[in-house]
Amino acid sequence: MIEFFLVLMIKHFIVDLGVQQYIGPSNKQQWLGDGHTHYFHHGLSTMIIAFWFAPEIAVVIGLLDYVIHWHIDWGKHHLNRFLKIEAKSPAWWWTNVLDQCLHVITYYALVKIASGV
């Protein structure tokens, strides 16, 4: 299952850093805003990958990634707003570190779920 985790992490960086630039800026502070295009990309690509490693629960794994990614990003944007953190400031970079750590933990948990542990 370590391969599943590795592929999910590579997928995450491709979607978070590569694909997101093509969909343009989105208001992730809105709970039901246009950030869902980004969250959908994560959920769908995770589901496709999960079909290779855990086909019996691939849809569930994809849906979990979608919902969890949505709430991590939404929470980060609200934290930045609440703390009045300016973009590209040192604090902004640290909230991005927190965001990425939470995504890594998400993929770790999804792989654990898929492995039945």
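## Exercises on a predicted model

The largest pocket has a lining of 20 residues, and those lying nearest its centre are Gln20, Lys28, Lys76, Trp92 and Asn96. Keep in mind as you work that this is a predicted model.

### Exercise 1: the pocket

Find the elements that give two or more residues to the lining of the largest pocket, and state the volume of this pocket.

**Solution.** Start with the lining: the elements that give two or more residues to it are α1 (2-23), α3 and α4 (90-114). Then turn to the space itself: the volume of the largest pocket is about 450 Å³.

### Exercise 2: a charged pair

Locate the partners of the salt bridge, and decide whether they are buried or exposed.

**Solution.** First, count: the structure holds one salt bridge. Next, look at the side chains of lysine 11 and aspartate 65, which meet at 3.2 Å, N to O. That distance falls within the 4 Å cut-off for a salt bridge. Now place the partners: lysine 11 belongs to helix α1 and aspartate 65 to helix α3, so the pair ties together parts that are 54 residues apart in sequence. Finally, check the accessibility: lysine 11 and aspartate 65 are both buried.

### Exercise 3: two residues of helix α3

Classify isoleucine 72 and valine 60 as buried, partly exposed or exposed.

**Solution.** Begin with isoleucine 72, which sits in helix α3 (residues 58-82). Its relative accessible area is 13%, and buried means under 20%, so isoleucine 72 is buried. Leaving aside neighbours within four places in sequence, isoleucine 72 has contacts with Asp99, Leu102, His103 and Thr106.

Valine 60 is also placed in helix α3. With 48% relative accessibility, valine 60 counts as partly exposed. Together with Leu64, Ile68 and Ile113, Val60 makes a nonpolar surface patch of about 290 Å². Helix α3 supplies the largest share of this patch, three residues.

### Exercise 4: along the chain and through space

Work out where phenylalanine 53 lies, what it touches, and how far its C-alpha atom is from that of isoleucine 72.

**Solution.** Phenylalanine 53 is part of helix α2 (residues 36-53). Its relative accessibility of 25% makes phenylalanine 53 partly exposed. Not counting residues up to four places away in sequence, phenylalanine 53 touches Met1, Glu3, Phe4 and Val7. For the distance, go from C-alpha to C-alpha: phenylalanine 53 and isoleucine 72 are 19 residues apart along the chain and separated by 25 Å. As a further check, try alanine 54, which is 18 residues from isoleucine 72 in sequence and 24 Å from it in space, C-alpha to C-alpha.

Conventions. Residues are numbered from 1 along each chain as its sequence is written. This is a predicted model: local features need pLDDT of at least 70, side-chain atom pairs count only at pLDDT 80 or more; totals for chains, interfaces and linings use all residues. Side-chain values use heavy atoms; hydrogens and water are left out. Helices (H or I, at least four residues) and strands (E, at least two) are DSSP runs, numbered from the N terminus. Buried means under 20% relative accessible area, exposed over 50%, partly exposed in between (1.4 Å probe, protein chains only). Contact means heavy atoms within 4.5 Å. Patches are made of residues with over 30% relative accessible area and no salt bridge: like charges are joined within 9 Å, nonpolar side chains (Val, Leu, Ile, Met, Phe, Trp, Tyr) within 5 Å. Accessible areas come from the Shrake-Rupley method with a 1.4 Å probe; for residues, only the protein chains shown count as cover. On a 1 Å grid over the protein atoms alone, a cavity is a set of points where a 1.4 Å probe fits but cannot get out, and a pocket is an open set with protein on both sides within 12 Å along at least five of seven lines; lining residues have an atom within 4 Å of a point. Grid points are joined across faces, edges and corners, and a volume is the space filled by probe spheres set on the points.
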